[in-house]
Each structure stands twice: as structure tokens, then as C-alpha cells.
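Thanks, everyone, for making the time. I would like to take you through one model, pausing on its confidence, its cysteines and its surface.

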Amino acid sequence: MKKVSLFSAFLTVLLSAATAFAAETPAMETVPIDTGDTAFVLASAGLVMLMTPGLALFYGGMVRSKNALTTIMQSFFLLGLISVQWVLFGYSLAFGPDVNHVIGNLDWAGFAGVGMEANPDYVASVPHAAFAMFQAMFAVLTPALITGAFAERMKFPAFVAFSFIWATVVYDPMAHWVWGVGGWMRELGVLDFAGGTVVHILSGVSGLVVCLVLGKRRGYGSEAIVPHHLPMTVLGAGLLWFGWFGFNAGSALGANGIAANAFLTTHTAAAAGTISWVFAEWIRHGKPTVLGAVSGCVAGLVAITPAAGFVSAVPAIIIGLLAGVICYLAVSVIKTKFGYDDSLDAFGVHGVGGTWGAIATGIFASTTVNPAGADGLFYGNGSQVGIQLIGVVVSWIFAIVMTLVILKLIGLVMPLKASEEQEIIGLDITEHGEHSYAGQDLMSAASNFGGTVIAVQPCVVRAANPIADLK
């Protein structure tokens, strides 16, 4: 009865909110809607939405089969959780009327006043609702990126609580600082075309904090932990590359020359990152790998994100080439040296790549590309590098402090990390009661006897323990 009462109370609150928001707020000044720009923004929003399922496949293929569904579920569930949060209050906190250059107020909670008319403060040629939903897809994707750092070991209830709180107290304020009208980093002149600080540094650095707090996976460093389905990962990377055109070009918020430039720079940087990562590992280890190719692609995409609408093609290639090498070294050298278990290299690619991209924006930005931006170091304005560094440092500190606080608070009321037994069995079974492939339950059962399945036949499982066989 208590659960029913709580559910009834929750429904009552939602219905009351809906009634309150049903009354239309005074209409803004009517601005002609451009159908071409509107179609472009809506299509871009759809492309960015596709990135989250793409990320699910990208991450899902890199984990072991016993954790594949858990990893996919985390990204897919956030499509629901953060979308609802965004409509109820997240959008208003991020983009609502400014309060002391820190946060938006709640005037637009429940999308009150967010409708078919344009909001000239952000984009005058598309409906306010189109802009709001385009930004919603960024809000969904960003916490999903973090899941790559703690893959295979965070309990689902803790993940849900962390993601909801993090989106509210970390992502929404930072989005307001950088993109919201009146936000202090926007007023300072920090350039971030599509999310180098807001999306990639925040998610990557927060991911590093989570993986350090949770600790390593069982067997990390002492046994092989390898991707179970690389073709799935390649498919996910392809969807990410495709969706990133909406992510970056769509951030021009219109079908115009800046969008075309962002499309061009996005693709060339991704291509350059693919090449440089592959050659870096080829030189170091003697073999080029497909995992390296897709990782380099994502590194290039991450690094160009803050710069896409401010730089031209050749600087984009330079940014991508260096991103591939820098992120490869972060993953293969720095992570190995310090021994932290960033499961799928969320920090090594997004945290490090986003940091490089934000700084590179201050080096290569040009007002000949985008008059609304600023010239960078190579165009006579070295101070822009300093401004970008302020944005980077603030993003790092904010992500570290807030993530630590959130994890500490959640840890007081529920366990954060799966038990050793749950890790052995796999989170697909222990958290969700499902498995990815036929026969996987038999294979998991065999592994519990300390062996490795070497033969699976109908109704027969044989586990081998090489050490016991030697004895």
C-alpha cells in the first residue's frame, strides 16, 4: 500500500504541474520561421539522438559478453531518463533566463513557453521547441559517455541515481555557463562550438573520477579482458561518425555556410584521427588494429567538436592528427603507467581529446571562418589561448569536485560497485536477469567452477582448468 500511495502522489504532482504549465505564457515577439533552417535543426537533432544508440553498440562490443546488455542498457536507458529530466527542468536550468551568470531560472520548467515560436536570444529562424530538443540530445549523450569509464562494475541503481544527479548539478550548470545567454564563460569569450568543455571534458574527467572511486575490475591487470564483438564496435563507431555531423554541423543552428564548414572540418578531423592512431600503434606494436582505427576516429571527432565552426580544413586536419597521437598515448602509456581502470577509455579519448580540442580552438580559430567567434594564436590573438585554458581548468575542477560529492552521497545510501560474485557471473544476469547470446548462461555456470569453457554442446558443458589438469 505504501508503494501505491507514493506512486499516486507522484502522479498527482505531475498532473498538477501539467495543469500549471497548460496556461500559455505571453507570446514572444513573432519572428518568421525559416523552414529550411527548421528542417536542418530537426534532422540534426535526429542525428545526435542516433549517437546514443551508436555509443551503446560502440561500448557494448568492447566489453565481455557477460556485460554486453548491461553496457547497452545504460546508454539506452538514458534516452528515457535524461529526456524526461530535460523537459521537466533540465532545459530551463541550462538555457532559461539567466540568474547571476550561473544558472537558468525555472521559467521554462515543463517546457512552459517553449513552443512553435522562435526564441531570438538563441536562434531566430527555428521554433523554440526545435532548439530545445536539439539541445536535449546533447544532454542525453553526455552522461552516456561516462559509462565507458566504469563499464562492467557499477550497479544499475547507483548508475541511475548518479546519472540523474550529475545531469542536473554538473551538465546543466556548465551548459548555461558556456552556451546560455548570460553564462559567465560565454561572457568571458570561451569558444566551444559544440561541446569540447560541456560534453567531452566534463564526461571524460568525471569518468576518471568514477573509475578511481569504484576501483578496478576483478582480474584487471592479471588476466585478459578483451572485447567480445569488435564488429559491433565498428558499427557503433560508424553511427557515431554519421551522427556527429548533426552534433557539430547542427550546432550552426541553420542551413548555412557555418554548418557546411563544420561538416567539412568534422569529417576531415575524424579521418585524420583515424590515420594517426593507426600509424602510432602500428609503429609501436607492429600491427594496425581495427579497434585503433575506430578509437582514432572518435578521438578526432572529440577534438574538433569545440573548434568545428571556428577553424578551416587544414587546421582541422592538424587537430585530428594530433588528437589521434595524443589520445593513443593517453590510453597506451599514461593509463598503463598509473594503472587506473578506465574500462573503455572514456577519459583517455573524451577527457584528453576534449582538452586538446578546447586548447586547439584558441590556437586555430579565425574570424574569417566565423565572425561571431574570435581570432586565435595563429591569427594574432594569443590571449584566446589563455581564455580557452580558463575554460579547460574550470571544467576539470568542476567535474572532479562535483563527481566526488555525488558519488559520496550516493554511496551513503546504496552500494556503488558490484560484488566480486556479481562481476564473476556478469552484470547482465545479476542486474537484469538477461544474457546476450544463446548458451551464455551455461558458459557463465562453467566459469564459476574456476575454468574456461572449451566445449558447449546441447545439455553438456565441460569446463577445463589447465592448472588442475597439469596436476
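**Cysteines, confidence and a nonpolar patch**

Let me start with Cys211, which has a relative accessible area of 2% and is therefore buried, since buried here means under 20%. Cys327 also counts as buried, its relative accessibility being 0%. How many disulfides does a search of the whole structure find? That search returns 0 disulfides.

I should say plainly that this is a predicted model, so please keep the confidence values in mind as we go on. The mean pLDDT of the protein is 90, with 86% of its residues reaching 70 or more. Over residues 13-29, however, the pLDDT is below 50, and beyond near neighbours in sequence this stretch has 10 contacts in the model. Residues 445-471 likewise stay under 50 in pLDDT, and for them the model has 23 contacts beyond four places in sequence. Where pLDDT is low, the predicted coordinates should not be read in detail.

Turning to the surface, there is a nonpolar patch of about 880 Å², whose members include Val213, Val393, Ile397, Ile400, Val401 and Leu404. Which helix gives the most to this nonpolar patch? Helix α13, spanning residues 383-411, does so, with 7 residues.

Val401 is a useful residue to look at here, because it lies in helix α13 and, with a relative accessible area of 43%, is partly exposed, falling between the limits of 20% and 50%. Val401 is thus one of the residues that make the patch, where membership calls for over 30% relative accessible area.

Terms used
Residues numbered from 1 in each chain as written. Predicted model: local features only at pLDDT ≥ 70, side-chain atom pairs only at ≥ 80, totals over all residues. Heavy atoms only, no water. pLDDT = per-residue confidence, 0-100. Contact = heavy atoms within 4.5 Å. Patch = residues over 30% accessible without salt bridge, like charges linked within 9 Å, V, L, I, M, F, W, Y side chains within 5 Å. Areas by Shrake-Rupley, 256 points an atom, 1.4 Å probe, with all protein chains shown as cover. Salt bridge = Lys/Arg side-chain N within 4 Å of Asp/Glu carboxyl O. Helix = DSSP H or I, 4+ residues; strand = E, 2+ residues; numbered from the N terminus. Buried < 20%, exposed > 50% of the residue type's maximum accessible area, 1.4 Å probe, protein only. Disulfide = S-S within 2.5 Å.
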